[in-house]
Amino acid sequence: MNTLFNTPLKEEILPKNPQATQTVEIVPVHYELVENGVTLNLTVVDTPGFGDQLNREHNLNPIVEYIDNQFEAYHTAERSSEFRRAIPDTRIHALLYFIPPTGHALKELDIKALQVLSTKVNVIPVIAKADTLTHEEKSAFKKTILRDIDFNNIRTFPTAYPDDRESVEELEKYIPFTVIGSDTFVEVEGKKVRGRLYRWGVVEVENEQHCDFIHLRELLMTHALHDLLETSHTVHYHNFRAQRLRSSGRPESILACDDSYEHRIERSKQNMAEDMIKKEEEMRQNFVLKVREKEASLREREEQLNQRRQQLMAELEEQRLALAAEEREFQELYNASRSTR
């Protein structure tokens, strides 16, 4: 997280003993990041203890419960009398699921966890500690992970949500992302970079030849930030709310009406966006037309001024020639008068 946001969110990371972990903890930490006048409210939810026990049967329960609690809090706020006010959004919009670099297929725990979590949040699979694998091993491991994901019908972000994500298509070839989780600065050619120092060389976090970290950052912070929020609301939260309404006895016909209403609202938003684009294009065309008309008017005025200038120059030339002729005639008369004396 420190490397992802290029800021010391957590200055000290204490080592832990996995064998001493009895349960899965849920540790949400809130941050307010400000850059160039833009404020980002960030909540990082860590889950230490996941997969550390011998009996992992209930490892997933606290995580699922926490995700559902955030959905429930949002659902409650929507039904309150103050629903028109801004609702504090504590829902989980992205889940980075770290996969150990074993080089083998997904573990049973990973498959079960991904199957459950992918129905509730936007799951982004990440292969951790990429510096322990060669390029060939990383490529083969990625193919194995993608094969297991496809075979077990696991929906990952953004490949499972293809609507209007042209900007993400270029990043999909890096999924699952390989990352190097280092917050240590090392020196490379006189420059300090984040990475790991080995006897045989340096592995840089932000070097795409070494791992996919910069592409993961682009996906999260640039290309898909809005899509993550939109998918959380329109897909995962919508499914949770529909399930809650069904459990409270809401008829399917009413739910269908709700879906139809939401689709109409969504279509209305799209139509409004398209109308805005059309209006912007019309305004641009009108502006361009007016600019061209003004340019044509100025060119015409310039041509008229040039013609007037040429006309005045011609008149001045005629007057100069006439004046020169009169001057010669006068000089001739003057010379003639002197010669007769």
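A salt bridge here is a side-chain nitrogen of Lys or Arg within 4 Å of a carboxyl oxygen of Asp or Glu. In this predicted model, the side chains of R79 and E72 meet that condition, with N and O 3.9 Å apart. By the same rule the count comes to 11 salt bridges. The two partners sit in rather different surroundings: R79 counts as exposed, at 56% relative accessibility, while E72, at 22%, counts as partly exposed. There is also a third party, since E72, R79 and R244 are linked in a network of salt bridges.

Another bridge joins E78 to R241, with 3.5 Å from N to O. E78 lies in helix α2 and R241 in helix α7, so this pair ties together parts of the chain that are 163 residues apart in sequence. E78 counts as partly exposed, at 23% relative accessibility; R241, at 16%, is buried. D68 makes a salt bridge too, this time with K120, and the closest N and O atoms are 3.0 Å apart. Here the link runs from helix α2, which holds D68, to the loop between α3 and β4, which holds K120, across 52 residues of sequence. K120 is buried, with a relative accessible area of 18%.

Helix α2 itself deserves a closer look. Its 19 residues should span 27 Å at 1.5 Å a residue, and the C-alpha atoms at its ends are indeed 27 Å apart, so the two figures agree. The buried residues of the helix are I63, V64, Y66, I67, Q70, F71, Y74 and H75. These pack against strands β1 (27-35) and β2 (38-46) and against helices α3 (108-117) and α7. Q70, one of the buried set, has a relative accessible area of 11%. Leaving out residues up to four places away in sequence, Q70 touches T90 and R91.

R91 turns up again among the aromatic rings. The charged end of R91 sits over the ring of Y74, 3.7 Å from the ring centre. R91 also lies over the face of Y237, at 5.0 Å from the centre of that ring. Both tyrosines belong to one aromatic cluster, made up of F71, Y74, Y237 and F240.

Across the whole structure, a search finds seven aromatic pairs. In one of them, F71 and Y237 are 5.9 Å apart centre to centre with 45 degrees between the planes, a tilted arrangement. This pair links distant parts of the chain, with F71 in helix α2 (residues 61-79) and Y237 in helix α7 (residues 225-247), 166 residues apart. F71 and Y237 are both buried. The rings of F157 and Y161 give another example: their centres are 6.1 Å apart and their planes stand at 35 degrees, so that pair is tilted as well. F157 and Y161 are likewise both buried.

As for the nonpolar interior, the largest core holds 29 residues, and F50, Y97 and L117 touch the most other members. At least two residues of this core come from each of α2, β3 (95-99), α3, β4, α4 (135-151) and α7. Helix α2 makes the largest contribution, with six residues. Y97 has a long list of contacts once residues up to four places away in sequence are set aside: F50, L109, D110, A113, L114, L117, V123, I124, P125 and V126. A second, separate core has 26 residues, including F5, L9, Y161 and I180.

F5 also figures in a link between far-flung stretches of sequence. The C-alpha atoms of F5 and R217 are separated by 8.4 Å, although the two residues are 212 apart along the chain. R217 is found in helix α6 (residues 213-223). Apart from neighbours within four places in sequence, R217 is in contact with T3, L4, E206 and T222.

Notes
Residues are numbered from 1 along each chain as its sequence is written. This is a predicted model: local features need pLDDT of at least 70, side-chain atom pairs count only at pLDDT 80 or more; totals for chains, interfaces and linings use all residues. Side-chain values use heavy atoms; hydrogens and water are left out. Rings of Phe, Tyr and Trp (its six-membered ring) pair if their centres lie within 6.5 Å; planes under 30 degrees apart count as stacked, over 60 as edge-to-face and the rest as tilted. Helices (H or I, at least four residues) and strands (E, at least two) are DSSP runs, numbered from the N terminus. Buried means under 20% relative accessible area, exposed over 50%, partly exposed in between (1.4 Å probe, protein chains only). A charge sits over a ring if NZ of Lys or CZ of Arg is within 6 Å of the ring centre and within 35 degrees of the ring normal. Contact means heavy atoms within 4.5 Å. The expected span of a helix is 1.5 Å times one less than its number of residues. A nonpolar core is a set of buried Ala, Val, Leu, Ile, Met, Phe, Trp, Tyr and Cys residues joined through side-chain atoms within 4.5 Å.
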